[in-house]
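Dear colleague,

I am passing on the structure we talked about, and below it I have set down what I found when I went through it. Please read the notes with the structure open beside them.

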Amino acid sequence: MLDVVAGRSPLWQRILRFPLVRLVLLGGIVTVLMAWTETRLQAFEDRPALSIPIALGMGLVAVAIYAAYAKIVERRDVTELSGPGIGREWAVGAAIGAGLYTLCVLVLIGLGIYRIEGLNPVAFLLPAVAMAVKSGIFEELLFRGVIFRSVEDMAGSWIAILLSSAVFGLLHLLNPDAPWQARSTSASRPGCCLPGPILSRAAFGFASAFTWPGITCSRQSSRGSSRVDLSSRA
């Protein structure tokens, strides 16, 4: 990727194309946008219907910046966000996410940790959907689109898989707002180790974020489709 047009590119473009610079610059931009979006979601917590378009709109801004960086700076096709197969990638990611989290819930139910006490109104899903949109877009752009690709260019695929997965897991383990069950589940989920198309991973996060409340690492994790009791919640 770095040697295709390096000899003909201007100096500023060669600098911005360097993996470490991409990691810091593009990763920093995505992180700032994600943090700002989170503050907006908190500000509109009492109006959840507005939180979804906010999360989606800011997510599309982040995607546009990511795509522009790839096109203008790196001069490459953004294959990880390509149009063909979007529906299939989304469906597969959502199915895997829902399936793996259901398996985790069944294990916790068997251990007597997780108990379903009833169903919530549909409106309770709105904050969870907004959170899922935010995390699905921003986290996958950051961890797979920026961190994984940058480290892969510098150290190879296996190091990139291990490092991006380790950073992903560590950040979720350090989340003070989540119960220990959620931290351990998110940190160890197989999806974080698969460097597939970003949309598929985003769908994984989207499905797992609100399929089973109390399992995701989020302040909205208890507001999902059902009311649950985590008897060992920390």
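Which residues in helix 2 meet which residues in helix 3? Before I answer, please keep in mind that this is a predicted model, and that the values below are computed from it.

From helix 2, the residues in this contact are Arg 22, Leu 25, Leu 26, Ile 29, Leu 33, Trp 36, Thr 37, Arg 40 and Leu 41, and they meet Ser 51, Ile 54, Ala 55, Met 58, Val 61, Ala 62, Ile 65, Tyr 66 and Tyr 69 from helix 3. By character, the residues of this contact divide into 14 nonpolar, 2 polar and 2 charged. Helix 2 covers residues 19-43 and helix 3 covers residues 48-73, and their axes come within 9 Å and cross at roughly 170 degrees. Because angles over 145 degrees count as roughly antiparallel, helix 2 is roughly antiparallel to helix 3.

The chain as a whole

The protein chain has 8 helices and 2 strands, and along the sequence these elements follow the pattern α-α-α-α-β-α-α-α-α-β. Of the 234 residues in the protein chain, 46% are buried, while the chain exposes about 11200 Å², with carbon and sulfur atoms supplying 70% of that area. If one takes the contacts between residues at least 6 apart in sequence, 76% of them join residues at least 24 apart.

Helix 5 and its contact with helix 2

Helix 2 also has a contact with helix 5, and here too I looked at the axes, which come within 9 Å and cross at roughly 170 degrees. Helix 2 and helix 5 are therefore roughly antiparallel to each other, and the residues of their contact divide into 15 nonpolar, 4 polar and 6 charged.

One residue of helix 2 that you may wish to look at is Met 34, which is buried, with a relative accessible area of 15%. Leaving aside its neighbours within four places in sequence, Met 34 is in contact with Lys 134, Phe 138, Glu 139 and Leu 142. For Met 34 and Glu 139 the C-alpha to C-alpha distance is 8.3 Å, although the two are 105 residues apart in sequence.

Helix 5 itself runs over residues 125-155 and bends by about 30 degrees at Leu 141. Of the 31 residues of helix 5, 25 are buried, so this helix is largely enclosed by the rest of the structure. Leu 141 counts as buried, at 1% relative accessibility, and its C-alpha atom is 9.5 Å from that of Gly 59, a residue 82 places away in sequence. Just after helix 5 comes Gly 156, which takes a positive phi of about 100 degrees.

Arg 75 and Gln 13

A further backbone detail concerns Arg 75, whose place is in the loop between helix 3 and helix 4 (86-110). Most residues other than glycine have a negative phi, whereas the phi of Arg 75 is near 55 degrees, a positive value. Arg 75 is partly exposed, with a relative accessible area of 46%.

Is Gln 13 buried or exposed? Gln 13 is found in helix 1, which covers residues 11-17, and with a relative accessible area of 2% it counts as buried, because the cut-off for that word is under 20%. When residues up to four places away in sequence are not counted, Gln 13 touches Ile 72, Val 73 and Arg 75, so that this contact links helix 1 to Arg 75 of the loop described above.

With best regards

Key
Residues are numbered from 1 along each chain as its sequence is written. This is a predicted model: local features need pLDDT of at least 70, side-chain atom pairs count only at pLDDT 80 or more; totals for chains, interfaces and linings use all residues. Side-chain values use heavy atoms; hydrogens and water are left out. Axes are lines fitted to C-alpha atoms, for helices over the stretch in contact, and angles run from 0 to 180 degrees between N-to-C directions. Helices (H or I, at least four residues) and strands (E, at least two) are DSSP runs, numbered from the N terminus. Angles under 35 degrees count as roughly parallel, over 145 as roughly antiparallel, 65 to 115 as roughly perpendicular and the rest as oblique. Contact means heavy atoms within 4.5 Å. Ala, Val, Leu, Ile, Met, Phe, Trp, Tyr, Cys and Pro count as nonpolar, Asp, Glu, Lys and Arg as charged, and the others, Gly among them, as polar. Buried means under 20% relative accessible area, exposed over 50%, partly exposed in between (1.4 Å probe, protein chains only). Accessible areas come from the Shrake-Rupley method with a 1.4 Å probe; for residues, only the protein chains shown count as cover. The bend at a residue is the angle between axes fitted to the seven residues ending there and the seven starting there.
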